[in-house]
Structure formats: structure tokens, C-alpha cells
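Student: Please pick one loop residue in this model and look at it closely. Then work outward from there to the rest of the structure.

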Amino acid sequence: MADQSDQWGSRVGFVLAAVGSAIGLGNIWRFPFVAYEQGGGAFFIPYLFALLTAGIPLLVLEYSMGHRWRGSAPLVFRRIDRRVEWLGWWQVAVGFVIATYYTVVIGWALAYTWYSVGTQWGTDTGAFFQETFLEASEAGTVGAPVPQVIIPVVMVWAVVLAIGFAGVKRGIERAVKLMIPLLVMIFLALVVRALTLPGAAEGINALFAPDLSRIVDPQVWVAAYGQIFFTLSVGFAIMITYSSYLPRRTDLTGNAFIAGFANSSFELLAGIGIFASIGFLAQQTGAPIDEAVASGVGLAFIALPEIINQMPGFNSLFGVAFFGVLVLAGVSSMVSITEVFVAALRDKFSLSRRAALSLGGGTCAVVSLIYTTRGGLTILDVVDYFNNNFGLALTGLVEVVVMAWLLRKLATLQEHANRISQIPLGRWWIVSLTVVTPVLLGVQAILNVQENLTSNYSGYPTGFLRGAGWGVSFAVIVAAGLLSLRRWPIATVQLPSPQEPSGVDVDVREEEIR
Amino acid sequence: MTTGAIVTMVGGIVVIWGGLATSIWWAWRSESHWTDDD
């Protein structure tokens, strides 16, 4: 079990860790593209609604759950009701799968930090990424491991595990206090430089020009709620775990507002910087902006190197800075994902931090090697897509439905948060979590299922999608069920008495321990 | 840049960054919570 040393040393440490977890690669390569595709400036209206009626309410929910029932996600759900422990393990398993491939993408960014020196990717950045760096083979194949991918991935794992071994206060908190300010300062400098490039105004215009007809399009609203949900690191137990390390007196609601707005502020900054750069690229190549727009891996590892090639000076410096930012954003998120399954293993199996990290992190690192093979890119693409849409999105939806409708715990959590927080939770919080969030996430889930039953994702072969996509998503659920069957150590399930607020039900207190 | 784009960008910055600044200010004024979490 977590001991007293596993506690944040300061409020700023917790907030930076939560913000560091939320700010990841998606802020830089997903948000600008989603905003552009979904109505440009008009997208910001549903996006703000989504932040206030889903993002921040979900953060408060998870902060309150972790703080109220003190533990990793499986332990928190077990303490709430033994029948929903599997949900905690489902979240942990989804996080484990994310960790296996997220490290690999950070490894690519680390390699590209090195390739930036002298712009070693040459003029054909697409060919360099696919053929020279990844040595990518046909979709659905595995192939041999690629040394230039394995080496940076091992280095990333070494850093992530070293931070984890040092613990919450001396490891994660110290790391984020260094990494997040550094990340913001470097990124700010990059955005300022991007704004001064020729063509930047046209790029920013493309992002912000509002297509007001899209505001009434339900798809735009679903996309806005999906973006907020995916960007805030909710739904896979990170915030539950992190808030369990908070001391008794802490401002849960205030922390959620800071983390939510900080994440969106960075996202907005990323949108400005990325589209200023895309405007520059469009002007240099003479292509229309809509042809220059890219997202995800293609934006980071193909389009951005091309933009860096086109810059009038200090190309290597800007390359190192950009990919350094990706590494910092990735590592600060990765330590939070690792902490989720380390905390769960410690709680359930009474392991020390070192043992849990060696077991969980070590297994995760070995599994991640599958993505360092020649077929790694397509395997990663499919696992990521299915794990996000049929893992993460569903665990978040089920969590809200369970807490709001099945177990009806929102009033308990509202009372808990209001007793210690500066900003009181009103009726808006209850309505957001009982109606708005479940409906929007539910619609998104239905659309996802419908889309994937009628067409193959990215045109990949059906057998490949069944194995790497549906198969992994199903295996995650089975693993969660099996882990929840194991008995808990006798003393673990009981909530430590100083944390029990009087007059509030603690279902497990007098319950027989399974 | 079009007027619509400028209005949206400035509006977005004011609301989102303003929201962040307000949240931090709110936390800062309750000084004991900011510096001492027990």
C-alpha cells in the first residue's frame, strides 16, 4: 500500500503533475486539426461548453473519488462498491496498453531531436520517416526489430522508471516542477517564432475563421466533447491515483479549474503555433492551406521536419526545440500513466513501489518492443485507435453512468468536495455529470461502433483489425475481470480512519473482505 | 486575417487564458491552501 511518503509536497506540485499529465502529444498534434476540421473558430463555442460541462466536472469527479476513497482506481472502486472493482481494473488495463505505445512515440521524438541536428532527415521527410527511420513494412506484419527505434525507446523507459522509482514527492513532483515550466517556455518561444514567419497570418486565419453554420451540427458538438475528454487524462484512473496522494485539506475544485484551463490554454497556444507554421509551409510550397494541413504522426514527423527545412535560419535549433517539447510533454504524461498501474499493483498485491514498478513497468517495457519492429507503425496505429475508442472512451462513459446513475454517489462527492474546496459545486456539476456528459459520450460511443462495424479503420485488412484492434480491446476487459476476482489483502480495503468524514457512508467498513 | 478570425482568436484567448488566470488568482488569494497542504 501507499505510505505517507507517497504524498504531494505542495499544491503547486500536484497541479503541475495534473497539468503535465493532461498536456501531451494530443494537445500539439490533435487539437489544432480537430478545431480546423470542425468549423474553425466556430468550434471554440462547443469546445468551451464541453470544458465547463464535461471536462472540469469530470476532473472534479475523479479528484473527489481519489481523495475521498484514497487509493488506486481498483481500490477506490472496491471501496465504493465491490461490484464495480472491475471498472477500476479496466481503466488500469487501458492505461497499461496506452503506456506500451506512448513510450514508443516519445522514443521517436527523442530520435528526431537528434536528427534535427543538421536536419538529417533530408528533403524527402516522408521517405525518411517511413523508410529510413522506421523501415516500415506492410500493414499487418511484424518484422525485425529496428535498432534506431529501440535505442531511444529504451532511453525513454529508463527516464520514466527512474522518476517512478524516486516516488511521488521526490520523483514525479520534482520532475514536473522542472519539465512543465521548461516545456511552456520553449513552446512559447517556438510559437513567437512561428508567428513571425511569412504566411503565418493566413494559417492562423484558416484555424480561427468561424464557419458559423457548423455550430448547429451535432457532429461538431460530439467532436468538441471527444476532444475535451481525450485531452484531460480522465477516464483511465490517472486523476483518481494522483488525487489519492493529496493531503486531507486541499482545494479539489480549484485544482480542477486550474488544470482544465491550463490544458486548454496550452492547446490554444499549440493551435496558433501549428497553424502559423502550416501557413508558412503553404506559402513556401505554393500549396493551398487545406493541402498543407496535417495531424498526428504525419504532422509531427513528416510535415514539421519539412517546415523546419524551409525556415530561413537556425533550423537545427528549432528542430531540437520542437522535438524536445514533444519529449517533455510525452514524459510528463507517461510518468502519470505508469503511476496508475504501479499504484494498482501495490494496493492489490501488497508490493513495494520498487517491486510494483519493476513488475509493471518492466512488463510494459517488454510489450512496447512490439512497436519497435518494422511493422510497429501500423500495429501502433490500430491499437491506439481501438484502445482510445473502445477502451478509454467507454471506461469514461461507464464511470460516469456508474457513479451518477447506478450507485448515485454524486451527492456524497459533492458534499466531500464542498467541505474542503474554495469553489462550491452547485447544481451545474450534478446536471453535467448525470445528463450532459453521459449523453454526449454515449452518442460518441454509438457513432464509433457504427463506423467500425460498417467500414475497416484506415482500410486495414479485417484479420489485422480483429487481432490488434478488437482483440486487444477485448483482452483488456478480460484481464480486468480476472484481476478483480483476486482477493484483497485484509487490511487494504478498509479506509484509513483519519480520512473517514463523519456521517458519510463507507460501504466497505463493515463488509466481509472477499 | 478576416475580422471573424481575429474576433474568435481574441475571444478564445480572453476566455481560456482569462479562465486560467482567474483560477490561479482564486487559489492564490486563499494563501494557506496554496502554500500549506497540511
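Tutor: S350(A) counts as partly exposed because its relative accessibility is 47%, and that class lies between buried, under 20% relative accessible area, and exposed, over 50% (1.4 Å probe, protein chains only). The model is predicted, so local features need pLDDT of at least 70 and side-chain atom pairs count only at pLDDT 80 or more, while totals for chains, interfaces and linings use all residues; side-chain values use heavy atoms, without hydrogens and water. Residues are numbered from 1 along each chain as its sequence is written, and chains are lettered from A, with ligands numbered from 1, in the order in which they are written.

S350(A) sits in the loop between helix 16 (315-349) and helix 17 (353-368) of chain A. Helices here are DSSP runs of H or I with at least four residues, strands are runs of E with at least two, and the numbering starts from the N terminus. The backbone of S350(A) has a phi near 50°, a positive value in a residue other than glycine.

Helix 17 of chain A, on one side of that loop, also holds C364(A). C364(A) is buried, because its relative accessible area is 0%. Apart from neighbours within four places in sequence, C364(A) is in contact with F96(A), A99(A), T100(A), W157(A) and F341(A), where contact means heavy atoms within 4.5 Å. The C-alpha atoms of C364(A) and F96(A) are 6.9 Å apart, although 268 residues separate the two in sequence.

Positive phi values turn up elsewhere in chain A. T119(A), which is not a glycine, has a positive phi of about 40° and lies in the loop between helix 6 and helix 7. Its relative accessibility is 21%, so T119(A) counts as partly exposed. Just after helix 7, E135(A) takes a positive phi of about 50°.

Helix 7 itself covers residues 125-133, and its buried residues are T125(A), G126(A), F128(A), F129(A) and F133(A). The cover over them includes helix 6 (85-115), helix 8 (147-165), helix 15 (296-310) and helix 18 (376-406) of chain A. In general, an α-helix has 3.6 residues a turn, so residues three or four places apart point the same way.

Which residues does a buried loop position touch? L425(A) is in the loop between helix 19 (410-420) and helix 20 (427-454), and it counts as buried because its relative accessible area is 5%. With neighbours within four places left aside, L425(A) is in contact with V60(A), T253(A), Q414(A), A417(A) and N418(A). By contrast with the C364(A) pair, L425(A) and A475(A) are 50 residues apart in sequence and 38 Å apart, C-alpha to C-alpha.

An acidic residue inside a helix is the next case. E173(A) belongs to helix 9 (residues 168-195) of chain A, and with a relative accessible area of 3% it is buried. Outside its neighbours within four places in sequence, E173(A) is in contact with W8(A), G9(A), S10(A), G13(A) and V168(A).

Now the whole chain. Chain A contains 21 helices and zero strands, and 62% of its 514 residues count as buried. Its radius of gyration is 22 Å, which agrees with the value near 24 Å for a compact globule of 514 residues; this radius is taken over C-alpha atoms, and the globule rule is 2.2 Å times the number of residues to the power 0.38. Along the principal axes, the C-alpha atoms fill a box of roughly 70 × 50 × 45 Å. Of the contacts in chain A with a separation of 6 or more, 84% join residues 24 or more positions apart.

Chain B has two helices and zero strands, and 34% of its 38 residues are buried. At the junction, 31 residues of chain A are in contact with 24 residues of chain B. The area buried between chain A and chain B is about 2,500 Å², and carbon and sulfur atoms give 68% of that area. Buried area here is the accessible area (1.4 Å probe) that two parts lose on being put together, summed over both. R11(A), R249(A) and Q422(A) supply 24% of what chain A buries against chain B, more than any other three residues.
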